[in-house]
Amino acid sequence: KINDIFNEFVKGSNQDKKGSRCFGLGLAIVQRMARALDTPVTVESEVGKGTVFSVEIPTIVPASSTIPIEPITPEASQVAGKTFLCIDDDLAVLDAIERLLSSWDVNSLIVSSAEEAFEIVEEHGLPIDCILTDYHLAPDMTGVDLIKRLRDECGMQAPAVIITGNHSEAIVSYCSENGFPLMFKPLNADELLKRIVALLTK
């Protein structure tokens, strides 16, 4: 079972008896990131007591105590001051996206559900310049469905990027058929920025 938990969308047998939605630890994403860093993920587990996941990362001593400020790239300057709507039911992901957008000087409207997305659109009003949404949204709604509803019901025509950790061909095909670019977690910030700029300058 230890090896199985690193596969996508695998859950343990001890599920919530009340039927509430359970969120995974994102171990498939963690393992891909660890492989990219050339470091293993180790697991120690004892039934009835708990589980410890760990990675080893080498310590690097900086050559200088001064942290250089990276100049604003041409791509970042093209999104600065714009307003993005971001939807994901994973609060950790939302926090990471918000910090990334803030580094590009983007105004971000952060919500964790489709219902909140409609509420903030009505409250904020148009224009919203770009939408970033997770593919899987509860209950039983995809990011594609949400964007189509926002366009139909709110008249929103902002370009959008779908984000997911699921590499299934069905999702790739569905997004392609509806004309929405798809990016996979873990996101590469530079690639995301280039994709957004390409959409905004079409």
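1. T83, L85 and I87 point one way from strand β3, F84 and C86 point the other way, and all are buried (buried means under 20% relative accessible area, exposed over 50%, partly exposed in between, with a 1.4 Å probe and protein chains only). Strand β3, residues 83-87, is accordingly described as mostly covered, with five of its five residues buried. Helices (H or I, at least four residues) and strands (E, at least two) are DSSP runs, numbered from the N terminus.

2. On the basis of the note: this is a predicted model, in which local features need pLDDT of at least 70 and side-chain atom pairs count only at pLDDT 80 or more, while totals for chains, interfaces and linings use all residues. Residues are numbered from 1 along each chain as its sequence is written, and side-chain values use heavy atoms, with hydrogens and water left out.

3. On the chain as a whole: it has seven helices and nine strands. Of its 202 residues, 31% count as buried. Among contacts between residues at least 6 apart in sequence, 62% join residues at least 24 apart (contact means heavy atoms within 4.5 Å).

4. On the pairing of β3 with β4: strand β4 comprises residues 107-111 and pairs with β3 in the parallel sense over five bridges (two strands pair if DSSP finds at least two bridges between them). The bridge partner of F84 in β4 is S108. Between these strands the chain passes through helix α3, residues 91-103, in a right-handed β-α-β crossover; right-handed here means that, with the strands pointing away from the viewer, the path from the first strand over the helix to the second runs clockwise.

5. On the pairing of β3 with β5: strand β5, residues 130-134, is also a parallel partner of β3, with four bridges. Opposite I87 stands T133 of β5.

6. On the open sheet: five strands are arranged in the order β4-β3-β5-β8-β9, with parallel pairing. The edges are β4 and β9 (182-184), each with a single partner strand, so one side of each has no neighbour in the sheet. From one strand to the next, the twist averages 20 degrees (axes are lines fitted to C-alpha atoms, for helices over the stretch in contact, and angles run from 0 to 180 degrees between N-to-C directions).

7. On the helices against this sheet: α5 packs on the sheet and touches β3, β5 and β8 (160-164), its direction making about 145 degrees with that of β5. Helix α6, residues 169-177, also packs on the sheet, where it touches β8 and β9, and its direction makes about 150 degrees with that of β9.

8. On T164: this residue is found in strand β8. T164 counts as buried because its relative accessibility is 1%. Leaving aside residues up to four places away in sequence, T164 touches D134, Y135, H136, I171, L182, M183, F184 and K185.

9. On the packing of α4 and α5: helix α4 (residues 114-124) and helix α5 (residues 143-154) pack at an angle of about 30 degrees, and their axes are 11 Å apart. α4 is therefore roughly parallel to α5 (angles under 35 degrees count as roughly parallel, over 145 as roughly antiparallel, 65 to 115 as roughly perpendicular and the rest as oblique). The crossing of α4 past α5 is right-handed; a crossing is left-handed if the near helix is turned anticlockwise from the far one by less than a right angle, and right-handed if clockwise. A114, A117, F118 and V121 of α4 make the contact with L146, R149, L150, E153 and C154 of α5.

10. On G125: this residue lies in the loop between α4 and β5. Its relative accessibility is 23%, so G125 counts as partly exposed. G125 and M156 are 31 residues apart in sequence, with a C-alpha to C-alpha distance of 9.7 Å.

11. On the hairpin of β1 and β2: strand β1 (residues 41-46) and strand β2 (residues 50-55) pair in the antiparallel sense over six bridges. V43 has F53 as its bridge partner in β2. Three residues lie between the strands of this hairpin, in which G48 takes a positive phi near 85 degrees.

12. On backbone points for inspection: D105, in the loop between α3 and β4, has a phi near 65 degrees, a positive value in a residue other than glycine. K185 and P186 are joined by a cis peptide bond, with omega about -5 degrees. P186 is placed in the loop between β9 and α7 (189-200).
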